[in-house]
Amino acid sequence: MAPSSKQPMSGLRTVKRDFSSSSIPTASQESASTDADAIPWSATPPKKKLTGLEQRLKDIQDALNGQIVSSEKVLASKPFASQLQPPMQKRPSSSQDPPAKRRQLPSSWNDPAAYNSRPAYPTASSAGNFGSTRQANRAYQPPPLIVAADSKNGAVSKPAPVFLSQEQTHILKLVQERQSLFYTGSAGTGKSVLLREIIKTLRRKHSKSPDAVAVTASTGIAACNIGGVTIHSFAGIGLGIESAEQLVSKIKKNKKASARWLRTQVLIIDEVSMVEGDLFDKLARIGSMMRKKVEPFGGIQVIVTGDFFQLPPVMKGSGNVKFAFEADMWSQTIKKTFNLTKVFRQRDPEFVDMLNEMRFGRLSEKSSQKFKDLSREIIYEDGLGATELFPRREDVERSNAVRMSVISTEEKVYLASDGGMITDQQHRDKMLANFMAPQRLALKLGAQVMLIKNMDETLVNGTMGKIVDFVDPSAAPVADDDHSGVKPGSKGPKETKKASSGIRWPLVEFLQPGGGRRRVMVQPETWKVELPNGEVQVSRTQMPLILAWAMSIHKSQGQTLERVKVDLAKVFEKGQAYVALSRATSLDGLQVLNFDPTKV
Ligand SMILES: Nc1ncnc2c1ncn2[C@@H]1O[C@H](COP(=O)(O)OP(=O)(O)OP(=O)(O)O)[C@@H](O)[C@H]1O
């Protein structure tokens, strides 16, 4: 254990401008302040060959001592030397989509006649699934969320627009100016939210050439979370073990991969901490060769994000990990580096500091004690318990199964409808496993569930609820909107067929911010992995719910949870403790058993 510091251990909060205290600026405040009150964002200084444990520790020490004068300086001097393993496991980028677009119920929403004009719904019962896979996927358009007739709150509320912070706005602006950059930040600083805004903005900008924007990530799960593909899949390099020259001739034999390299104008790479340095170099060179331009990546704008304190690249065989920032082409490619400093997930500065201490592996006695004090039992009087996070999937499944088994009512099973162009079963299964939605979802009355899609302002990915009924969809009205929570692909006309009899959809009572409840009949949603040209590799249509008495730490990455329980005795891998604890929004909603400072 490192000695405690008297300085606020968050360190990174020490910026010239204080982003941490106030609430998010309004849109008008944002625009007003952008130019007149600009932060001194300067370009990353040219890369110096700074490696070694001492430099690394000095950088971190400087950060902890509050010597960061701008939020990008901490990275400007290449602080992530190879000698230290990042101390924590990376969440895949969040599935915290920005809130969905405005959703309005049609004027006829409470008109009984309208009950007959709802979208057709593929078979979903205790025996069926959502219809035959590929076909269903083409014909079936997931309908929008329905507010049940007995909803306590009435109509779906107006979604909140995303107001990016000044830091986030600045980065978005540079992205629009075609700058190649890297941005990072600790858990909950809005990296994923910003990335989603970046993707949305770039797609809008390049709407006439949709394959100009390539959205990729280092892993399948991370790629799924942002609606992209793995960097390997984008590049058409298979495992990517050959030399850059050999890979180029391989790509040239693949028309689609070649076209991607030629048409891409912006390449987004998420979870870069897991991209190996040599791979980064190869990609940069492949880009040059494919596009016949000397610049790295052949001049493609490259937007990179992730957190090098989190999961490192998977190494084949022994040898030192080489991070992407250690690649020869990194500094030639990445012109600016930013560190997001405002933590959104947790509002309590004490909690933010405790988590930052964990992030740097320098937990003070005080914080250790505070974490130990969190072992108390928390009773939630509304009947919704905490989600217990486990490192192993088996424990999650067992825990949820035990809770389900004590409920004696009938089980309703929803089988997913899977589609997409990939025919190789193994490959399909691997990609489908990256979706949060399970192939088979079994629910019962009283089951604790979590919403895994953003619906509107108060129904977001991570909202907890309880199944209170299974209802006939024909007994509820349909919202007539563009259903922005669903990924592109829902292009067909709204269908008006009557749902098959016998179908029952889950009516969920969701817990709302501030303690209110909201009853909503949940309908299936579609998740997709698409190539930049719009080709759907795999897709899954399923209820946007998962059982939520327990969840794996791996799946919890990227989530924001109000009630969390973690038994650290079960944590076995570096970084798991940080990821698990940093999901909680407050100390009040966090129970920690067997806290052991050596685990963090
Ligand atoms: N500009 C913003 N305004 C309001 N809330 C925001 C903003 N940016 C992020 N948030 C909220 O902060 C929380 C964390 O955001 P996000 O998941 O993007 O962080 P992250 O840096 O990707 O975290 P992690 O690394 O833990 O996954 C989410 O609840 C998100 O809605």
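Two strands are taken to pair if DSSP finds at least two bridges between them. In this predicted model, strand β2 (residues 213-217) meets that criterion with strand β3 (residues 229-230), the two running in the parallel sense over two bridges. Within this pairing, Ala217 stands opposite Thr230 of β3. The connection from β2 to β3 passes through helix α7 (residues 220-225), and the resulting β-α-β crossover is right-handed.

Strand β2 also pairs with strand β4 (residues 266-270), again in the parallel sense, and here five bridges are found. One of the residues involved is Thr216, whose bridge partner in β4 is Ile269. Side chains alternate along β2: Val213, Val215 and Ala217 point one way, while Ala214 and Thr216 point the other way. Residues of both groups are buried. Because five of the five residues of β2 are buried, the strand is largely enclosed by the rest of the structure.

A "binding site" is listed by UniProt, in an unreviewed entry, at Gly185, Ser186, Ala187, Gly188, Thr189, Gly190, Lys191 and Ser192. Of these positions, Gly185 belongs to strand β1 (residues 181-185). Gly185 counts as buried because it has 23 C-beta neighbours inside 10 Å, the cut-off for burial being 20 or more. Leaving aside neighbours within four places in sequence, Gly185 is in contact with Lys191, Asp307, Asn339, Leu340 and Thr341. Lys191 is itself listed in the UniProt "binding site".

Gly188, also listed there, lies in the loop between β1 and helix α6 (191-205). With 24 other C-beta atoms within 10 Å, Gly188 is likewise buried. When residues up to four places away in sequence are not counted, Gly188 touches Val343, Phe344, Arg345, Gln346 and Ser582.

The unreviewed UniProt entry further places a "DNA-binding region" at residues 576-595; Ser582, a contact of Gly188, falls within that range. Over residues 576-595 the chain is 30% helix and 20% strand, and the C-alpha atoms at the two ends are 13 Å apart.

Tyr578, also in the range 576-595, was examined relative to Glu357. The two residues are 221 residues apart along the chain, and their C-alpha atoms are separated by 9.8 Å. Glu357 is located in helix α13 (residues 349-359) and counts as buried, with 27 C-beta neighbours inside 10 Å.

Key
Residues are numbered from 1 along each chain as its sequence is written. This is a predicted model: local features need pLDDT of at least 70, side-chain atom pairs count only at pLDDT 80 or more; totals for chains, interfaces and linings use all residues. Helices (H or I, at least four residues) and strands (E, at least two) are DSSP runs, numbered from the N terminus. A residue is buried if 20 or more other C-beta atoms lie within 10 Å of its own, exposed if 12 or fewer, and partly exposed in between; C-beta atoms are placed from the backbone. UniProt positions are given in the numbering used here, feature names are shortened, and annotations may be inferred rather than shown by experiment. A crossover is right-handed if, with the strands pointing away from the viewer, the path from the first strand over the helix to the second runs clockwise. Two residues are in contact if their C-beta atoms, placed from the backbone, lie within 7 Å.
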